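Student: I should like a close look at a single part of this structure: its pairing of aromatic rings. Please set that part in the context of the whole chain.

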Amino acid sequence: MVLVMVLVATPSVLLVDVTADAKQMVALVALFIGLLTFVEYNATYPSLVEFRDAAPFNRVRFLMLLATVFSLSMIAHGRVAPTTLTDFFDAVGTLIGISMDFPYSPVRLATLMVANDATAEQIAAVRTAAGMAYLISLISLSVFVVILKAGRWPSRGRAFNVWVNLPTFDPTAGADVVTRLTRDARINIALGFLLPFLTPAVVKIASTGFEPLTLTAPQTLIWTMTAWAFLPASLFMRGIAMGRIADMIIETRAANMTGGDGKHYAHA
C-alpha cells in the first residue's frame, strides 16, 4: 500500500514547479489507489488484481512501473535543476531514443503524438522519455521471462489457484480451459506487440478536429510515456503467464492420468 502511494506521488515530489493544489490532488489520488491495493490484497475473494498469490509477477510489474516513473521524473527534474544523476538518466534516455528513432519504430511513432507545431526541443524530450520508458519495459519483460524459464514462477511449493489469480477469467465457461487460456495468451501477446504502434495512431486520429495532445507539461509527459510503455509490456507478461498456466494444467492432467503427484500444478 505504502509503496503504491510512493509510486503515485513520485513525480510531484521530484519535480520542481508543482503547485500546492496539484500536490494535494496527487496525495488524494495516491491515498485512494493505496487503499484500493490494500483491500484487493487482503480480501478473501478476488475482484480485480490478477496473480496476487503468484509472486513475483506483480512485483516485477510494480518495479517496472516505479523505475519508469522515477527515471522520467529525474529527466524532467534535470531540465530545471540538473545534477549528475539527472544528467545520467537523460543521457541514457537520449541514447536509446536516438538509437530507436528510425522509420516505423515505436519511438518514432511516439513522437508523432505531439502537436504539429511542437518545437525540436519538445520532440527531443518526448523521444528521450520514450527511449527510457521502452528500455525499462524491455528489461523488465526479460527479467520475468528469465524467472519463468528458471522454474521459479509460479512457485512449485503450492498449488496454483486459477480463480484467485485470474478473477476475471471464468474457468467453467465456454470451451476447455486450456484452449481458452492459450487463446487469451496469444491475444494478449499480440496486443502487447501491436499497442506501441497503434497507440500513437489512435491518439492522432482521435485528436482530429480537437487540440492535439500536449506533452510539454512534465507530469503529462511522464504518465503518458509510462502508460505507453507499461501497458504493452504488461500485456506481454500476462500472455506469457497465461500460456504458462495452460502448460501447467496440461502437465497436471498428464500426471493424474499416469497416477503421478501433480499437487504443485494448477487447479481451478
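Tutor: The accessible surface of the protein chain amounts to about 14100 Å², and carbon and sulfur atoms account for 68% of it; such areas come from the Shrake-Rupley method with a 1.4 Å probe, and for residues only the protein chains shown count as cover. The model is predicted, so that local features need pLDDT of at least 70 and side-chain atom pairs count only at pLDDT 80 or more, while totals for chains, interfaces and linings use all residues. Residues are numbered from 1 along each chain as its sequence is written, and side-chain values use heavy atoms, with hydrogens and water left out.

Of the chain's 268 residues, 43% are buried (under 20% relative accessible area, with exposed meaning over 50% and partly exposed in between; 1.4 Å probe, protein chains only). Nine helices and two strands are present, in the order α-α-α-α-α-α-β-α-α-α-β along the sequence. These elements are DSSP runs numbered from the N terminus: helices are H or I over at least four residues, strands E over at least two. Among contacts (heavy atoms within 4.5 Å) between residues at least 6 apart in sequence, 76% join residues at least 24 apart.

Now to the rings. The whole structure holds nine aromatic pairs. Rings of Phe, Tyr and Trp (its six-membered ring) pair if their centres lie within 6.5 Å; planes under 30 degrees apart are stacked, over 60 edge-to-face, and the rest tilted. Phe51 and Trp153 are one such pair, edge-to-face because their planes stand at 65 degrees, with centres 5.6 Å apart. Phe51 sits in the loop between α2 (20–42) and α3 (57–78), and Trp153 in the loop between α6 (120–149) and β1 (160–161), so this pair ties together parts 102 residues apart in sequence. Both Phe51 and Trp153 are buried.

Trp153 also pairs edge-to-face with Phe144, at 5.6 Å between centres and 65 degrees between planes. Phe144 counts as buried because its relative accessibility is 0%; for Trp153 the value is 1%. Ring pairs join Phe51, Phe57, Phe144 and Trp153 into a cluster.

The surface offers a counterpart to this buried setting. A nonpolar patch there, with about 620 Å² of accessible area together, includes Met1, Val6 and Phe38. α2 gives the most to the patch, with four residues. Val2, in helix α1, is exposed because its relative accessibility is 60%.

Methods. Patches are made of residues with over 30% relative accessible area and no salt bridge: like charges are joined within 9 Å, nonpolar side chains (Val, Leu, Ile, Met, Phe, Trp, Tyr) within 5 Å. A salt bridge is a side-chain nitrogen of Lys or Arg within 4 Å of a carboxyl oxygen of Asp or Glu.
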